[in-house]
Amino acid sequence: MFGPPGSGKGTQSVTLAEKYNLLHLSTGDMLRAELKAGTGLGKKMEAIMAAGELVPDEVVIEMIAQKIDSTTGKKGFVFDGFPRTVEQAEALQKMLEVRGMKIDLMLVLEVNDVELMDRMKKRALVSGRADDADEAVINNRIEVYRSKTEPVIEYGRSTGVSRQVDGVGSIEDIFDRLCSHIETII
Ligand code: B4P
(Lines give C-alpha, C1' and ligand atoms only; values in the text may rest on other atoms or scores of the structure.)
Protein backbone atom coordinates (compact mmCIF):
# COMPACT_ATOMS: atom_id res chain seq x y z
CA MET A 1 0.00 0.00 0.00
CA PHE A 2 1.57 3.15 -1.21
CA GLY A 3 0.87 6.88 -1.04
CA PRO A 4 1.85 10.14 0.63
CA PRO A 5 1.57 10.64 4.41
CA GLY A 6 -2.09 10.88 5.35
CA SER A 7 -3.31 9.29 2.11
CA GLY A 8 -5.18 6.50 3.93
CA LYS A 9 -2.60 3.71 3.77
CA GLY A 10 -3.07 2.73 7.40
CA THR A 11 -6.84 3.20 7.30
CA GLN A 12 -7.29 0.98 4.26
CA SER A 13 -4.58 -1.60 5.03
CA VAL A 14 -6.25 -2.70 8.26
CA THR A 15 -9.54 -3.62 6.56
CA LEU A 16 -7.88 -5.09 3.47
CA ALA A 17 -5.79 -7.36 5.69
CA GLU A 18 -8.93 -8.54 7.50
CA LYS A 19 -10.87 -9.20 4.31
CA TYR A 20 -8.11 -11.17 2.54
CA ASN A 21 -6.48 -12.89 5.56
CA LEU A 22 -3.21 -10.99 5.21
CA LEU A 23 -0.84 -9.74 7.88
CA HIS A 24 -0.82 -5.93 8.08
CA LEU A 25 2.75 -4.71 8.49
CA SER A 26 3.06 -0.98 9.14
CA THR A 27 6.62 0.21 9.70
CA GLY A 28 5.20 3.44 11.16
CA ASP A 29 3.19 1.48 13.75
CA MET A 30 6.20 -0.72 14.57
CA LEU A 31 8.42 2.32 15.08
CA ARG A 32 5.80 4.09 17.22
CA ALA A 33 5.55 0.93 19.36
CA GLU A 34 9.34 1.13 19.93
CA LEU A 35 8.97 4.80 20.92
CA LYS A 36 6.13 4.03 23.31
CA ALA A 37 7.99 1.14 24.93
CA GLY A 38 11.03 3.41 25.40
CA THR A 39 13.43 0.90 23.82
CA GLY A 40 16.96 1.90 22.79
CA LEU A 41 15.86 1.82 19.15
CA GLY A 42 12.81 3.96 19.93
CA LYS A 43 14.92 6.59 21.67
CA LYS A 44 17.30 6.75 18.70
CA MET A 45 14.43 7.15 16.20
CA GLU A 46 12.30 9.65 18.15
CA ALA A 47 13.92 12.87 16.89
CA ILE A 48 14.07 11.63 13.29
CA MET A 49 10.35 10.79 13.29
CA ALA A 50 9.33 14.00 15.06
CA ALA A 51 11.08 15.96 12.30
CA GLY A 52 9.25 13.99 9.60
CA GLU A 53 12.45 12.45 8.23
CA LEU A 54 12.93 8.79 7.32
CA VAL A 55 14.65 6.43 9.74
CA PRO A 56 17.68 4.55 8.31
CA ASP A 57 16.84 1.87 5.72
CA GLU A 58 18.60 -0.93 7.63
CA VAL A 59 16.35 -0.39 10.68
CA VAL A 60 13.06 -0.96 8.84
CA ILE A 61 14.45 -3.70 6.57
CA GLU A 62 15.48 -5.72 9.61
CA MET A 63 12.10 -5.19 11.31
CA ILE A 64 10.23 -6.39 8.22
CA ALA A 65 12.46 -9.45 7.71
CA GLN A 66 11.86 -10.54 11.30
CA LYS A 67 8.08 -10.21 10.92
CA ILE A 68 8.00 -12.15 7.65
CA ASP A 69 9.94 -15.01 9.22
CA SER A 70 7.81 -15.18 12.35
CA THR A 71 4.39 -15.15 10.60
CA THR A 72 2.28 -18.25 10.06
CA GLY A 73 -1.33 -18.88 9.00
CA LYS A 74 -1.67 -15.88 6.66
CA LYS A 75 -2.11 -15.78 2.88
CA GLY A 76 0.37 -12.94 2.53
CA PHE A 77 1.21 -9.43 3.70
CA VAL A 78 0.03 -5.86 3.29
CA PHE A 79 3.09 -3.66 3.56
CA ASP A 80 1.98 -0.22 4.75
CA GLY A 81 4.52 2.60 4.63
CA PHE A 82 7.23 0.26 3.38
CA PRO A 83 9.21 0.40 1.13
CA ARG A 84 9.79 4.15 1.34
CA THR A 85 13.06 4.36 -0.63
CA VAL A 86 14.33 2.57 -3.73
CA GLU A 87 16.93 0.87 -1.49
CA GLN A 88 14.13 -0.52 0.71
CA ALA A 89 12.23 -1.68 -2.41
CA GLU A 90 15.28 -3.54 -3.68
CA ALA A 91 15.86 -5.09 -0.26
CA LEU A 92 12.20 -6.19 -0.08
CA GLN A 93 12.34 -7.77 -3.50
CA LYS A 94 15.49 -9.72 -2.55
CA MET A 95 14.12 -10.78 0.84
CA LEU A 96 10.93 -12.09 -0.82
CA GLU A 97 12.80 -13.83 -3.64
CA VAL A 98 14.97 -15.89 -1.30
CA ARG A 99 11.80 -16.99 0.53
CA GLY A 100 9.96 -17.97 -2.68
CA MET A 101 7.57 -14.98 -2.50
CA LYS A 102 6.97 -11.89 -4.67
CA ILE A 103 5.25 -8.51 -4.76
CA ASP A 104 1.86 -9.07 -6.41
CA LEU A 105 0.47 -5.56 -6.41
CA MET A 106 1.47 -2.02 -5.52
CA LEU A 107 -1.60 0.12 -4.85
CA VAL A 108 -0.79 3.82 -5.08
CA LEU A 109 -3.28 6.13 -3.33
CA GLU A 110 -3.38 9.55 -4.99
CA VAL A 111 -4.41 12.49 -2.78
CA ASN A 112 -3.69 16.21 -3.28
CA ASP A 113 -1.54 18.13 -0.77
CA VAL A 114 -4.40 20.34 0.54
CA GLU A 115 -6.45 17.27 1.48
CA LEU A 116 -3.37 15.59 3.05
CA MET A 117 -2.68 18.62 5.23
CA ASP A 118 -6.33 18.80 6.28
CA ARG A 119 -6.46 15.09 7.25
CA MET A 120 -3.26 15.17 9.27
CA LYS A 121 -4.24 18.34 11.14
CA LYS A 122 -7.52 16.61 12.06
CA ARG A 123 -5.67 13.47 13.15
CA ALA A 124 -3.32 15.59 15.28
CA LEU A 125 -6.30 16.43 17.51
CA VAL A 126 -6.61 12.78 18.56
CA SER A 127 -3.33 11.00 17.69
CA GLY A 128 -0.91 12.80 19.98
CA ARG A 129 1.67 12.30 17.20
CA ALA A 130 4.43 14.92 17.21
CA ASP A 131 4.74 14.63 13.42
CA ASP A 132 1.05 15.54 12.90
CA ALA A 133 1.04 18.55 15.20
CA ASP A 134 3.18 20.99 13.23
CA GLU A 135 2.41 22.28 9.75
CA ALA A 136 6.12 22.64 8.89
CA VAL A 137 6.73 18.98 9.81
CA ILE A 138 3.75 17.85 7.72
CA ASN A 139 5.12 19.83 4.77
CA ASN A 140 8.52 18.21 5.30
CA ARG A 141 6.95 14.73 5.32
CA ILE A 142 5.20 15.49 2.02
CA GLU A 143 8.49 16.84 0.61
CA VAL A 144 10.41 13.73 1.79
CA TYR A 145 7.72 11.58 0.17
CA ARG A 146 8.09 13.40 -3.18
CA SER A 147 11.90 13.24 -3.19
CA LYS A 148 12.69 9.86 -1.61
CA THR A 149 9.56 7.73 -1.82
CA GLU A 150 7.91 8.63 -5.13
CA PRO A 151 10.83 7.14 -7.11
CA VAL A 152 9.67 3.77 -5.75
CA ILE A 153 6.50 4.15 -7.91
CA GLU A 154 8.72 4.12 -11.00
CA TYR A 155 10.35 0.95 -9.64
CA GLY A 156 6.87 -0.62 -9.31
CA ARG A 157 5.91 0.53 -12.81
CA SER A 158 9.02 -1.05 -14.30
CA THR A 159 8.05 -4.39 -12.78
CA GLY A 160 4.39 -4.01 -13.89
CA VAL A 161 2.83 -4.25 -10.42
CA SER A 162 1.73 -0.66 -9.71
CA ARG A 163 -1.88 0.58 -9.96
CA GLN A 164 -2.97 4.20 -9.37
CA VAL A 165 -6.05 4.58 -7.17
CA ASP A 166 -8.01 7.79 -6.50
CA GLY A 167 -7.59 8.27 -2.73
CA VAL A 168 -10.15 11.07 -2.36
CA GLY A 169 -13.73 10.22 -1.38
CA SER A 170 -15.38 8.16 1.34
CA ILE A 171 -13.29 5.49 3.10
CA GLU A 172 -15.79 2.85 1.87
CA ASP A 173 -15.63 3.96 -1.78
CA ILE A 174 -11.83 3.94 -1.72
CA PHE A 175 -11.87 0.48 -0.13
CA ASP A 176 -14.06 -0.78 -3.01
CA ARG A 177 -11.65 0.73 -5.56
CA LEU A 178 -8.73 -1.06 -3.90
CA CYS A 179 -10.60 -4.38 -3.70
CA SER A 180 -11.43 -4.25 -7.40
CA HIS A 181 -7.69 -4.22 -8.16
CA ILE A 182 -6.98 -7.05 -5.72
CA GLU A 183 -9.77 -9.16 -7.23
CA THR A 184 -7.96 -9.09 -10.59
CA ILE A 185 -5.01 -11.01 -9.17
CA ILE A 186 -6.59 -13.60 -6.87
P1 B4P B 1 3.54 6.33 8.92
O2 B4P B 1 2.99 5.73 10.13
O3 B4P B 1 3.62 5.46 7.71
O4 B4P B 1 2.70 7.68 8.73
P5 B4P B 1 1.67 8.19 7.69
O6 B4P B 1 2.29 8.16 6.32
O7 B4P B 1 1.20 9.51 8.20
O8 B4P B 1 0.43 7.20 7.81
P9 B4P B 1 -0.77 6.92 6.87
O10 B4P B 1 -0.62 7.53 5.50
O11 B4P B 1 -0.91 5.45 6.95
O12 B4P B 1 -2.00 7.60 7.60
P13 B4P B 1 -3.51 7.35 7.16
O14 B4P B 1 -3.53 7.79 5.74
O15 B4P B 1 -4.04 6.05 7.47
O16 B4P B 1 5.02 6.91 9.16
C17 B4P B 1 5.35 7.81 10.21
C18 B4P B 1 6.86 8.07 10.27
O19 B4P B 1 7.56 6.81 10.57
C20 B4P B 1 7.54 8.55 8.99
O21 B4P B 1 7.44 9.94 8.83
C22 B4P B 1 9.00 8.07 9.22
O23 B4P B 1 9.70 8.91 10.10
C24 B4P B 1 8.82 6.73 9.90
N25 B4P B 1 8.79 5.60 8.96
C26 B4P B 1 7.73 4.74 8.77
N27 B4P B 1 8.03 3.82 7.86
C28 B4P B 1 9.29 4.07 7.41
C29 B4P B 1 10.15 3.47 6.45
N30 B4P B 1 9.77 2.42 5.72
N31 B4P B 1 11.38 4.00 6.26
C32 B4P B 1 11.80 5.04 6.99
N33 B4P B 1 11.04 5.67 7.92
C34 B4P B 1 9.79 5.20 8.14
O35 B4P B 1 -4.34 8.32 8.02
C36 B4P B 1 -4.34 9.72 7.86
C37 B4P B 1 -5.61 10.35 8.40
O38 B4P B 1 -6.54 10.50 7.34
C39 B4P B 1 -6.32 9.54 9.47
O40 B4P B 1 -6.76 10.39 10.48
C41 B4P B 1 -7.53 8.92 8.74
O42 B4P B 1 -8.63 8.74 9.57
C43 B4P B 1 -7.79 9.96 7.69
N44 B4P B 1 -8.37 9.40 6.48
C45 B4P B 1 -8.02 8.22 5.90
N46 B4P B 1 -8.76 8.04 4.76
C47 B4P B 1 -9.57 9.15 4.65
C48 B4P B 1 -10.57 9.56 3.69
N49 B4P B 1 -10.85 8.81 2.63
N50 B4P B 1 -11.18 10.74 3.86
C51 B4P B 1 -10.88 11.51 4.94
N52 B4P B 1 -9.98 11.18 5.90
C53 B4P B 1 -9.32 10.02 5.74
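R123, R129, D131, D132 and R141 are linked in a network of salt bridges. The model is predicted, and a search of the whole structure finds 15 salt bridges. A ligand is present, with 30 residues surrounding it. Two members of the network, R123 and R141, also place polar side-chain atoms within reach of ligand oxygen atoms, at 2.9 Å and 2.6 Å.

**The ligand and its shell**

- Among the 30 residues around the ligand, the closest are G8, G10, T27, E53 and R141.
- R141 has a polar side-chain atom 2.6 Å from an oxygen atom of the ligand.
- For R123, the distance from a polar side-chain atom to a ligand oxygen is 2.9 Å.
- G10 approaches with its backbone: an N or O atom there lies 2.8 Å from an oxygen atom of the ligand.
- On its own the ligand has 990 Å² of accessible area, and the protein covers 87% of this.
- Helices α1 (9–20), α2 (27–37), α6 (113–127) and α9 (171–183) are the elements that each give two or more residues to the shell.
- The largest share comes from α2, with 4 residues.
- By type, the shell divides into 10 nonpolar, 10 polar and 10 charged residues.

**T27**

- T27 lies in helix α2 and is one of the residues closest to the ligand.
- T27 counts as buried because its relative accessible area is 2%, under the 20% cut-off.
- The side chain of T27 reaches the backbone oxygen of G81 at 3.1 Å.
- Beyond its neighbours within four places in sequence, T27 is in contact with V60, M63, I64, D80, G81, F82 and R84.

**Salt bridges**

- D132 and R123 meet through their side chains in a salt bridge, with an N to O distance of 2.8 Å.
- In this pair D132 is buried, at 1% relative accessible area, whereas R123 is partly exposed, at 30%.
- D118 and K122 form another salt bridge, at 3.3 Å from N to O.
- Both D118 and K122 lie in helix α6, 4 residues apart, which is about one turn of the helix.
- D118 is partly exposed, with 36% relative accessibility, and K122 is exposed, with 53%.
- K102 and D104 also meet in a salt bridge, where the N to O distance is 2.5 Å.
- K102 is exposed, at 60% relative accessible area, while D104 is partly exposed, at 43%.

Methods
Residues are numbered from 1 along each chain as its sequence is written. This is a predicted model: local features need pLDDT of at least 70, side-chain atom pairs count only at pLDDT 80 or more; totals for chains, interfaces and linings use all residues. Side-chain values use heavy atoms; hydrogens and water are left out. A residue is near a molecule or strand if one of its heavy atoms lies within 4 Å of it. A polar contact is a pair of N or O atoms within 3.5 Å; within protein, one must be able to donate a hydrogen and the other to accept it, and residues adjacent in sequence count only if both atoms are side-chain atoms. Accessible areas come from the Shrake-Rupley method with a 1.4 Å probe; for residues, only the protein chains shown count as cover. Ala, Val, Leu, Ile, Met, Phe, Trp, Tyr, Cys and Pro count as nonpolar, Asp, Glu, Lys and Arg as charged, and the others, Gly among them, as polar. Buried means under 20% relative accessible area, exposed over 50%, partly exposed in between (1.4 Å probe, protein chains only). Contact means heavy atoms within 4.5 Å. A salt bridge is a side-chain nitrogen of Lys or Arg within 4 Å of a carboxyl oxygen of Asp or Glu.
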